[in-house]
Amino acid sequence: MLAFACANATIFPRHNTFARWNRSTLVTPKTFLVGTLISLERHRTQCSTSTPWLTNLSTSLYKIDGWGAPYFHINKPGNISVRPHGTSTLPHEEIELIKVVQEATGSKASGGVGLQMPLIIRFPEVLKHRLESLNGAFEFAIQDNEYESHYQGVYPVKCNQDRYIVEDLVEFGAPFRFGLEAGSKAELLLAMSYLVKGNQAAFLICNGYKDEEYVSLAIIAHTMGLNTVIVLEQEEELDMIIETSTRLGVRPIIGLRAKLRTKHSGHFGSTSGENGKFGLTTAQILCVVSKLKQLEMLDCLQLLHFHIGSQIPSIALLAEGVREASQIYCELVRLGASMRTIDVGGGVGVDYDGTHSCGSDISVGYGLDEYATTVVQTIRLACDQKGVKHPILCSESGRALVLNGPPNCIFGLIWAFIFSMYLRPLT
C-alpha cells in the first residue's frame, strides 16, 4: 500500500501562505486521468516546439474557468493558483500550487519539508469559504423574503469521512449552528465525538439503516445534550425507537422521511420518486402519526425530511419537490404534531464541466443563491397559505461543500509525467 503525505495549504493567519503538515495512509488509486492525458497529447502535437505557450492556452486546455471558479485559476506565469477566499482573495493570499509541491518535497537542508510523493494537499480556507457561502445564501434569502425562522444545515459525513474535514466543518460551522448527518453507527460515533465540542444547538441528524444499537447510540447522544433527531426511513423503525427510548427513560426527537412523488430523472435520481427505496408513503406517515398519538408521543415528531436526489439539475425540479414536501409538513401540523423543521436533504448540484447546463448529469443551471431563494420562497408560500408557522430550514449539502477544498490529490508519477512532457513555460 502506497503512503500519501498529507499537507494543509492554508493561510492562517491570512498573510501566511503555507502551514500545517500531517501524515495519513490511503489505498493507491487504480484509475488514471486517461482523458486528460489524451487531451494533453492532442494539444502537444498541435503546437510546434517554436510556438510560445501562453496563459490563455493553459486556461483553455484545462477549462479551469468553468469548473474551478472562483477557487482555482491559471496565474500570469501559467501555473495553477488557488484563491482560498474565492473572489475576495487578495493577490498576496493566492497559493501557487507548484510552489507548495516544491516546498513540500524539497529537502530539509534546503528549507523544504522533505515529504515524498504522492501528496494530498488540503485547503481548509476553501472549505470555510464554501460553508460561509452556503449559510450566507440562505441568510440573504431569509431576510429578502421576510422569512420568520432560520437556517441551520448539516454535513453528511458519508460524503467524506476524513477526520480533518469533519473537524474543520464543526469548528467553522459553530457560528451558524451547522451540524452533522450520520447514516451508520460508525458515522454516528464520529459525529458525536466532534459535535460535543461544537455548537450544542447544531443538529445531529440520524438517517440510514437502524438497529437497536444504532437507536441506543442516538438516544445516548440526546442525553449528552446534542440536538439529536432520529429520522424514520422505514415504518417498522418506529417500534424500535419507542421501545428503546422507553427502556432508557428518554423522550426522543423523531423525524420522518417522506417518499415524494417528485421524480429526479437524471443519473442520480434512482432513489427518488414513488419507487424509491427509502422514505414513507402518505399512508405510512398517517400510521406513524396515529401510533404516536395513541402513545401520547405526537409531540416527539418534529422534523420532516425528504431527498429528491443528488445533483438536482434544475430549479424547477427543486421547487416541485419542496412544494410537495411543504404540503405534507403543513398537514402534519394540522394533525397535531409539534413540527419545527423541514430538512430538504442533499442535492445541491455541482457544475463539474462549467457549462451551467440543466440537461446534463455533470452540470447544473443554478447557483447557491438561486437554490436558497427557491427553498425559502416555496416553503414560505405553502406555510402562509395554510397559516402555519415558518419552520427551521435544514439541508444536507455534501459535495457542494467539500468538492473544491479537501482533499486535492497530486499523484507523484502522473504529476511528474505531465510536467516533464506537456506543460510549457511562457518563454
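The second largest pocket of this predicted model holds about 570 Å³ of space. A total of 28 residues line this pocket. Beyond the pocket, there are three helix pairs to explore: H5 with H12, H5 with H6, and H6 with H7.

**The second largest pocket**

- Which residues lie nearest the centre of the second largest pocket? They are Pro 156, Lys 158, His 307, Ser 310 and Glu 396.
- Helix H13 (residues 399–402) gives the largest share of the lining, with three residues.
- Sorted by class, the lining has 14 polar residues, along with seven nonpolar and seven charged ones.

**How to read a helix pair**

- When two helices pack, we describe them by the angle between their axes and the distance between those axes.

**Helices H5 and H12**

- Helix H5 (residues 124–144) and helix H12 (residues 368–386) have axes that come within 8 Å and cross at roughly 40°.
- An angle from 65 to 115 degrees would count as roughly perpendicular and one under 35 degrees as roughly parallel, so H5 and H12 are oblique to each other.
- Their crossing is right-handed.
- On the H5 side, the contact uses Arg 130, Ser 133, Leu 134, Ala 137, Phe 138, Ala 141 and Ile 142.
- Those residues meet Leu 368, Asp 369, Tyr 371, Ala 372, Thr 373, Val 375 and Val 376 in H12.
- By class, the residues of this contact are ten nonpolar, two polar and two charged.

**Helices H5 and H6**

- H5 also packs with H6: their axes come within 10 Å and cross at roughly 45°.
- That angle makes H5 oblique to H6.
- H5 passes H6 in a right-handed crossing.
- H5 brings Pro 124, Leu 127, Lys 128 and Leu 131 to the contact, while H6 brings Ile 165, Asp 168, Leu 169, Phe 172 and Gly 173.
- Six of the residues in the contact of H5 with H6 are nonpolar, one is polar and two are charged.

**Helices H6 and H7**

- Helix H6 (residues 163–173) packs with helix H7 (residues 185–195) at an angle of about 45°, and their axes are 10 Å apart.
- Is H6 parallel or oblique to H7? The angle makes H6 oblique to H7.
- The crossing of H6 with H7 is right-handed.
- From H6, Arg 163, Val 166, Glu 167 and Val 170 meet Leu 190, Tyr 194 and Leu 195 in H7.
- This contact of H6 with H7 has five nonpolar residues, two charged ones and no polar ones.

How values were computed:
Residues are numbered from 1 along each chain as its sequence is written. This is a predicted model: local features need pLDDT of at least 70, side-chain atom pairs count only at pLDDT 80 or more; totals for chains, interfaces and linings use all residues. Side-chain values use heavy atoms; hydrogens and water are left out. On a 1 Å grid over the protein atoms alone, a cavity is a set of points where a 1.4 Å probe fits but cannot get out, and a pocket is an open set with protein on both sides within 12 Å along at least five of seven lines; lining residues have an atom within 4 Å of a point. Grid points are joined across faces, edges and corners, and a volume is the space filled by probe spheres set on the points. Helices (H or I, at least four residues) and strands (E, at least two) are DSSP runs, numbered from the N terminus. Ala, Val, Leu, Ile, Met, Phe, Trp, Tyr, Cys and Pro count as nonpolar, Asp, Glu, Lys and Arg as charged, and the others, Gly among them, as polar. Axes are lines fitted to C-alpha atoms, for helices over the stretch in contact, and angles run from 0 to 180 degrees between N-to-C directions. Angles under 35 degrees count as roughly parallel, over 145 as roughly antiparallel, 65 to 115 as roughly perpendicular and the rest as oblique. A crossing is left-handed if the near helix is turned anticlockwise from the far one by less than a right angle, and right-handed if clockwise. Contact means heavy atoms within 4.5 Å.
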